[in-house]
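Please explain how the lining of one pocket and the surroundings of one strand are built up in the structure shown here.

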Amino acid sequence: MIPPKSSCFSLQEEDIKEAIEDAGFDAEVLPKISFKSKDQGTVTGKFRIGGMTCAACVNSVEGILRNLPGVTRAVVALATSMGEVEYDPNKMGKVQIINAIEDAGFDAELIQSGQQDKLSIMIMGMFSVEDAKFVEDMLHNMKGVREFGVDLLLAKSDILFDPEVIDMRSIVDAIESESDGRFKVTLHNPYTSYFSSRMDESSQMFRLFTSSLTFSVPILFIGVVCPHIPFMYSLLLLRCGPFLMGDWLKWALVSPVQFIIGKRFYVAAYRALRNGSANMDVLVALGTSAAYFYSVCALIYGAVFHYRLATYFETSAMLITFVLLGKYLEVVAKGKTSNAIKKLLELAPTTALLLITDADGKHVGEKEIDAQLIQRSDMLKVYPGSKVPADGTVVWGSSHVNESMITGESAPVSKEVGGTVIGGTLNLNGALHIQVTKVGSDAALSQIVRLVETAQMAKAPIQKFADYIASVFVPVVVALAFVTWLGWYLAGVLGAYPEDWLPPASNHFVFALMFAISVLVIACPCALGLATPTAIMVATGIGATHGVLIKGGDALERAQKVQCVVFDKTGTLTKGKPSVTSAKVLSDMQLGDFLRVVASAEASSEHPLARAVVDYAYHFHFFGELPTNMDMQGLRTKNTAWLLTSSKFEALPGKGVRCSIDGTDILVGNRKLMSEDGVSIPSVAEDYLKDMEQHARTGILVAFDKRLVGMLAISDPLKREAAVVIEGLKKMGIHPIMVTGDNWTTAQAVAQELGIEDVKAEVIPAGKAETIRSLQKDGTMVAMVGDGINDSPALAAADVGMAIGAGTDIAIEAADYVLMRNNLEDVITAIDLSRKTFARIRLNYIFAMGYNILAIPLAAGLFFPFLKISLPPWVSGAAMALSSVSVVCSSLLLRRYRQPRLTEILDIKIQ
């Protein structure tokens, strides 16, 4: 590691002072001035944490991290072996966090940090010491580079830089250009080491299992098979020193299994006890040690007193072998639960084709760059058949893009100039030039990955039960094992059971000890700890593949209890693309002039109905469609002759707009706005409005200087799946409610068409949240489905907020579920998935609890007096190992989840 540039020479302050004085000048060391670095706020780091075996380990690590200075939040997930820590970088560093985890006895590695000042690169072509020195000199002279380290063996360099002085692409470009093309630089993907470490863990566990099996099979062969082969059995009975040859062989074979292969259990048990907790490793270490050391003592006792006692070396060896087998299967199964994130990450292309422009903006060349080096405003070229490297806007070309991997929408989407594209989607049939708009954590794919990660890290409330059980499980089991040993031993000494119950060459102490060891090793806290997180991991991954993003286990748990769903009307139940169907002028004003004034008033509004009015007026004047990529304010620069200048503009939520044009006060809105402003509505206007509202159309009134001058009728067609989804929810026992700011007549007409009986109309945005709260007063679990900014308070107030993915960022931020496809059928999918997930979690808990409730009494010999059934310790170990594997495999069955078919929900039979 090369030291920081500011500390290349080790000089003391007094050395500098003496050197100045030697030159004939006075010198004085001034007090140090403290320079505080700019407050960076909190950052979030993701760490891989190895060595955790159950919920007790998770609780221990979380407690250690939360007690560190500067740490504001710490969440650790057992199923992913990952921890997420939010901390103040001015008080706590990444290295200190890793050290704290390692001091607790666990392995730790930084996967990703929220700090954007560190770059890890692989340098292909760096083979010699001279190459490494060349890179070091180059980085040392590079402005903005603070610290760096060059590893020749791994051909890797870690660089700490000032992002305000230099960016990542400049560093990479400088290394490649100054080396005259000898070096090819690629960025290190932070997730690569995470997934490779999961693979390494699986490989290591398999090696340990096979090694243990290699030693255990001969031990089993000596004890079970050899006594039936006279020649081999006679060799084993040969005395060699104080012990028989068979005893020497067993002892020699089992010792490596106990102390070399089984070292991990001792280490993990020590870590847990040092941190004031106890886990499964404590039970395994106690059980195997009891069998091993008793066998050693039995050998020594027999050699000294010439009385041969039975040994149980095979118990220790087979116990460790079966536990390692279970651990290996568990690691493999847990790895499959995290496939969702891996598949999402694989969507992003590794490289991008950068278009190089000159000072005049002309394209002068192309360059392939690492996708992680893409910057905002870059111009990229996307060939047919290749993936879109980043979120952006099409500036040249046309094509169709397959967005199914992001949105779940199967039909290809047409892309023209001005259209937006999403990174990770597939360009199908035409070359595109795109201008990058979002990179890094702001990109859609990164946000989806972050949502899935957050959901998998978050604990469901039901997990608290498992955490509590895990905190007391091991001490209780150890106490039960002791009581088991004491009970059987005293019962034997007092003659409570006949002597023929004892195995050959055994005694009461050993007979009781085998029951106690079986209790120790058959009890399994791991199954309880894995019951919830593995199921949630699989469910969130499955949800993401179906276009349903879930923000956490708590949201998943609440969704399965939903009793009623509240729908916003515009943009949720309807297509959100309203259009003017008719316009009526009540004065002698020309229709074109009327529409021009109304459009001028609505041009400053962002409401969907305002856009519909401006669209209609634009079409009336220019016989064309309003450009989809033009914002409302941009309309004024399109054609200065067609829109008038408005002043004193005021948007009135739930009512309409007010402004002034050429000295005339303009009102555009509903009946409520007109009545509040004292505008009288003539009978002809009332008749027109009633007729429109009965046909599920919204009437818009226009007044000039408190005089009604005209009306417009606006229709927003319903989504084709809306009525079927409403009926489907009813079949699922869920009560649908529609809430809208529209008038009662229109709202009831729409509700009648959909089959919704419960309607809340003329509700202002703030009132939607109040409606949610009123429904919650009697304990009803309420879900809210919406898409706009005005829905965000209601989404936040609801027990479960579901944002339509095509809606606004604010609505998506406030929601618990994000429906990427903008399809109401996903509401049913979200609720159905949560119900099936928690049914699986309950089944996991029933299995985990039932296993321990039945297995511990069986291992303790509770049924032995009646049925003569007992579990040898090695069988108990095998059962314990397979219990946690069974729970993980049970959770993995969720991967077979299929979206509910509406035809099945509605019991529709297709002939």
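**A pocket lining and a buried strand**

Six helices, α6 (190–225), α7 (230–236), α8 (245–261), α11 (313–337), α16 (508–522) and α32 (873–892), each contribute at least two residues to the lining of the second largest pocket. The model under discussion is a predicted one. The volume of this second largest pocket is about 850 Å³. Its lining comprises 34 residues, of which K250, A310, T311, Y312 and E314 lie closest to the pocket centre. Sorted by class, the lining of the second largest pocket contains 23 nonpolar residues, 7 polar residues and 4 charged residues.

The second part of the account concerns strand β27 and its partners. Strand β27 spans residues 707–715, and because 8 of its 9 residues are buried, the strand is largely enclosed by the rest of the structure. For this purpose, a residue is buried when its relative accessible area is under 20%.

Two strands pair with β27. Strand β22 (residues 579–585) is antiparallel to β27, and 6 bridges link these two strands. Within this pairing, L712 of β27 has A583 opposite. Strand β26 (residues 698–704) also runs antiparallel to β27, here with 7 bridges. In β27, R707 stands opposite F704.

The connection between β26 and β27 completes the picture. These two strands form a hairpin, with 2 residues separating them. In the turn, D705 has a positive phi of about 50°.

Note on methods: Residues numbered from 1 in each chain as written. Predicted model: local features only at pLDDT ≥ 70, side-chain atom pairs only at ≥ 80, totals over all residues. Heavy atoms only, no water. 1 Å grid on protein atoms, 1.4 Å probe; cavity = no way out; pocket = protein on both sides within 12 Å on 5 of 7 lines; lining within 4 Å. Points joined across faces, edges and corners; volume = space filled by probe spheres on them. Helix = DSSP H or I, 4+ residues; strand = E, 2+ residues; numbered from the N terminus. Nonpolar A, V, L, I, M, F, W, Y, C, P; charged D, E, K, R; others polar. Buried < 20%, exposed > 50% of the residue type's maximum accessible area, 1.4 Å probe, protein only. Pairing = 2+ DSSP bridges.
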